[in-house]
Amino acid sequence: MEHKLKAGIVGATGMVGQRFITLLADHPYFQISCLAASAKSAGKPYGAAVEGRWKLKEPMPPCVSDMPVADASDIDALKAACDFVFCAVDMPKDEIRALETAYAKAELPVVSNNSAHRWTADVPMVIPEINPAHLDVIAAQRRRLGTKKGFIAVKPNCSIQSYVPALTPLRGYGIKEVLVTTFQAISGAGKTFETFPEILDNVIPYIGGEEEKSEKEPLKIWGGVEDGIIVSAQAPVISAQCIRVPVSDGHLATVAVKFNQKPAREDILKAWADFSGEPQALALPHAPKQFVTYFEEDNRPQTKLDRDLYGGMGVSVGRLREDALFDWKFVCLSHNTLRGAAGGAVLIAELLYRKGYLN
């Protein structure tokens with residue numbers, strides 16, 4: 001591709017920002033044109049700003065080590081340097097909401113990893129294989145903001161991206177109730193084992209705000225577009241518990257489901273095998289060839305073995321069996337900083353690009 005869009009990364013010094021850098025360093029559609037963070041990092045070369053704080057196993061790409069860090073609040077500077085931005089800042093939610101709105105109003109589209117705008121009615125919250133039609137609300141959002149180019153699109157919570165892909169192709173059977181427990185990696189809190197020693201030999205049965213997100217966000221994703229806003233689905237009822245476990249990367253979920261019309265085992269397996277979406281049809285760079293992969297082995301999926309499936313963008317499922325209280329139960333797994341965070345946002349941006357929203 002001869003012309004690449006210039007992408008900025010806001011919150012570039014954090015773990016998700018670092019993941020964005022590794023994913024975009026050699027991207028066919030986008031080139032990193034600006035790295036932005038808080039005022040305390042602004043003006044420093046990126047390598048100096050994250051010295052001793054690079055948290056990924058992959059080395060820092062050489063192309064960013066000498067790039068000066070911009071102040072995330074300097075919207076004019078970012079607009080001059082970028083065609084659009086990825087946003088993954090660590091700030092109070094109201095401040096994030098204001099910052100992202102300011103970018104959008106400055107005609108700088110935002111693809112956000114943050115939760116601040118997930119419940120703004122005309123902001124699409126997208127898993128690209130599941131609800132790409134929600135991008136249609138961008139036209140209404142632009143009218144509200146008074147923009148021609150600027151808008152905000154967001155990625156949903158990392159925990160739901162392990163099990164919502166497995167539930168979605170089964171919705172035709174009438175999902176009534178879902179009981180889910182997520183076992184979430186420490187990178188979801190921006191931690192490593194070196195910076196989170198209290199997790200060693202331990203399980204923490206609470207992650208602030210996660211259970212509410214896990215119970216409500218799927219309903220927006222499964223909702224419909226009406227009069228320029230997204231109206232959440234009314235069913236199913238989801239009950240969630242979210243637990244932090246001593247794993248570096250990968251969110252695993254145990255799921256039990258009750259249906260209006262109980263499907264046969266072979267119907268469930270076929271629905272998962274056949275599940276595909278626009279990312280696969282368009283052969284987007286970060287689209288997994290197979291969105292949902294089922295493992296027949298009794299001891300799969302395993303976090304360490306299977307989180308990197310299709311470059312960390314595939315979703316794994318296993319242990320499908322009938323349940324004594326519900327109809328069926330199974331285990332799901334996704335990579336939380338790839339499919340669940342930066343990779344999911346990059347896939348959204350790729351879809352936006354191919355559908356003309358970023359041009």
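**Exercise 1. Describe how β13 and β14 are joined in this predicted model, and say how many residues lie between them.**

Solution. Begin with the pairing itself: strand β14 covers residues 328-334, and five bridges join β13 to β14 in an antiparallel arrangement. A particular pair can then be located, since Glu 322 has Trp 328 in β14 as its bridge partner. Finally, consider the connection, where five residues stand between β13 and β14, and the two strands form a hairpin.

**Exercise 2. Find the partner of β12 and state which of the residues of β12 are buried on each side.**

Solution. The partner is strand β13 (residues 315-322), which runs parallel to β12 and is joined to β12 by four bridges. Within this pairing, Thr 293 stands opposite Ser 316 in β13. For the two sides, recall that in a regular strand the side chains alternate between the two faces of the sheet. In strand β12 (residues 292-295), Val 292 and Tyr 294 are buried on one side, while Thr 293 and Phe 295 are buried on the other, and both faces are therefore covered, given that buried means under 20% relative accessible area.

**Exercise 3. Give the strand order of the six-stranded open sheet and identify its edge strands.**

Solution. The order is β3-β2-β1-β4-β5-β6, with parallel pairing. The edges are β3 (69-71) and β6 (152-154), each of which pairs on one side only. Neighbouring strands of this sheet are turned by 30° against each other on average, with direction ignored. As a detail of the order, β1 and β2 run parallel and are joined by six bridges, and Lys 6 stands opposite Gln 31 in β2.

**Exercise 4. Is α1 mostly covered or mostly uncovered, and which elements do its buried residues pack against?**

Solution. Count the buried positions to begin with: nine of the ten residues of α1 are buried, and the helix is mostly covered. Among them are Met 15, Gly 17, Arg 19, Phe 20 and Leu 24. Next, turn to the surroundings, where the buried residues of α1 pack against β1 (5-10), β2 (30-37), α2 (46-49), α3 (62-65), β4 (84-87) and α13.

**Exercise 5. Place Gly 343 in the fold, and state whether Gly 343 is buried or exposed.**

Solution. Gly 343 belongs to helix α13. Its relative accessible area is 0%, so Gly 343 is buried. Leaving aside neighbours within four places in sequence, Gly 343 is in contact with Leu 23, Met 313, Thr 337 and Leu 338. By way of a distance, the C-alpha atoms of Gly 343 and Gln 290 are separated by 16 Å, with the two residues 53 apart along the chain.

**Exercise 6. Characterise the largest pocket and the second largest pocket by volume, lining and residue class.**

Solution. Take the largest pocket to start, which holds about 1,200 Å³ of space. Its lining has 44 residues, and the closest to its centre are Ala 88, Val 89, Asp 90, Met 91 and Asn 114. At least two lining residues come from each of α1 (15-24), α5 (93-105), α8 (210-221) and α13 (338-354). By class, this lining has 14 nonpolar, 19 polar and eleven charged residues.

The second largest pocket holds about 340 Å³. It is lined by 21 residues, and Arg 19, Lys 55, Lys 57, Ser 248 and Asp 249 lie nearest its centre. Helix α1 gives the most to this lining, with four residues. The division by class is six nonpolar, six polar and nine charged.

Notes:
Residues are numbered from 1 along each chain as its sequence is written. This is a predicted model: local features need pLDDT of at least 70, side-chain atom pairs count only at pLDDT 80 or more; totals for chains, interfaces and linings use all residues. Side-chain values use heavy atoms; hydrogens and water are left out. On a 1 Å grid over the protein atoms alone, a cavity is a set of points where a 1.4 Å probe fits but cannot get out, and a pocket is an open set with protein on both sides within 12 Å along at least five of seven lines; lining residues have an atom within 4 Å of a point. Grid points are joined across faces, edges and corners, and a volume is the space filled by probe spheres set on the points. Ala, Val, Leu, Ile, Met, Phe, Trp, Tyr, Cys and Pro count as nonpolar, Asp, Glu, Lys and Arg as charged, and the others, Gly among them, as polar. Buried means under 20% relative accessible area, exposed over 50%, partly exposed in between (1.4 Å probe, protein chains only). Two strands pair if DSSP finds at least two bridges between them. Contact means heavy atoms within 4.5 Å. Axes are lines fitted to C-alpha atoms, for helices over the stretch in contact, and angles run from 0 to 180 degrees between N-to-C directions.
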